[in-house]
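Visitor: Please take me through one helix of this model at close range. I would like to know what it rests against and how its surroundings are built.

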Amino acid sequence: MRIFSALLQLVLCFLFSNYATSALAQPAGAKDDYFIYFVEAGDTLSELSELYTTRSSHWRHLQQLNQVEDEMRLPIGKELKIPFDLIPVIATEATLVHYKGDVKINHQSATKHTRLKAGDIINTGSRGFATLQLEDGSTLTLPPQSQLYLKQLNAFERARISDAILELQQGSIESHVAPNNTGVGRFEIHTPISITGIRGTNLRVHTTDAHTQTELLSGKAHIDRPEQRFQMLSNGYGANISADGKTAITALLPAPQLTLPKRGPKGWQTELIPVSGAQAYLVQVALSENGSQAVQRFTVPADQNIVYLRPSGPGEHYAFVRAIDEHGLMGLDAVVSYPGQGVLTSTDGSPVVSGDGQPILLTDY
């Protein structure tokens, strides 16, 4: 029995150490002029140099820069710095995978699957939504009244991880970065007031002339501004940075509790249990479970406990509801789903379509 217990402990230790190593060991974004990588078991400087700089001979430079005694025995979890000027990159593109309403690319009306490159600008109008997808699967969703300039869209030549710099010139952006856990080389969202550096993250950024707000839902991120460089932001926290450099970092409000949607006199509705400290609630409706196909966005007063949900075409709808605090920071999302509009069907159950190929929707009374 003691032998079995000892073996079990060894197995658990092995599994835990492998899990901890895999959690640390990945490309971890940028810090100043350096790409950051956390060492995993079996790494050598020559192999890492070959992967990221495409030249194994750079290992001596990395050894000196990172003060490594034995390049064949790197400490697991060690933070390695690799200068960006040693890393060859290639230009990549983003794809417009979803849009609704008034969306323009370089001041021209958008069309689905349009390819965007560095130097392009995308705008959403008062009722416009747009989602871009990068080569590594990262998605960037712009709600209404937003403008994004794609300053840099690259990938590391050999490792094929993102090296992107985006300028949010107005409005908001919601990002799901490196969803396949590949990590990022560099992923920055610039505003006129601050820079947010992302390391495999779900986060939102909002900007106006008066302030920039960053809300970190999961993953890792840091904030840079002239007064203070590289300030880490923890999961579930937000930063409110004013134009004069003052910064307030506070915990985001929790996700509100919602009842399952049911039919009421005004259509589908869900009851909301108030969140302490909420000044209002924002509701964003999407046609996808991950929120990337956004189609509606509206606010609900803090004293209103019923959220009315309207369909926007056929198919399942997903309502993301978040509380807004006194600083204007939006909290964590609660999500409920409800049916979309019904469609006219023929006797065999197939949808009846109009001349442009779209299903004919039924009016919901």
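Guide: Start with the surroundings of helix α2. Its buried residues are covered by, among others, β1 (27-31), β2 (34-38), α3 (59-65), β3 (79-83) and β12 (146-156). Contact here means heavy atoms within 4.5 Å. Helices (H or I, at least four residues) and strands (E, at least two) are DSSP runs, numbered from the N terminus.

A word on the source. This is a predicted model: local features need pLDDT of at least 70, side-chain atom pairs count only at pLDDT 80 or more, and totals for chains, interfaces and linings use all residues. Residues are numbered from 1 along each chain as its sequence is written, and side-chain values use heavy atoms, with hydrogens and water left out.

Now the helix itself. α2 spans residues 45-53, and its buried residues are Leu45, Leu48, Ser49, Tyr52 and Thr53. They sit on the same side of α2, because they cover an arc of only 100° around the axis. That arc is taken from the directions from the helix axis to the C-beta atoms. Buried means under 20% relative accessible area, with exposed over 50% and partly exposed in between (1.4 Å probe, protein chains only). The spacing follows a general rule. An α-helix has 3.6 residues a turn, so residues three or four places apart point the same way. After α2 comes Thr54, whose phi is positive, near 65°.

Next, the sheet. Three strands form an open sheet in the order β1-β2-β3, with antiparallel pairing. β1 and β3 are the edge strands, and each pairs on one side only. Neighbouring strands of this sheet are turned by 30° against each other on average, direction ignored. Two strands pair if DSSP finds at least two bridges between them. β1 and β2 have three bridges, in the antiparallel sense. Within β2, Tyr37 stands opposite Pro27. α2 packs on this sheet and touches β1, β2 and β3. The direction of α2 makes about 45° with that of β3. Such axes are lines fitted to C-alpha atoms, for helices over the stretch in contact, and angles run from 0 to 180 degrees between N-to-C directions.

To recap: α2 has its buried residues on the same side, and α2 packs on the sheet of β1, β2 and β3.
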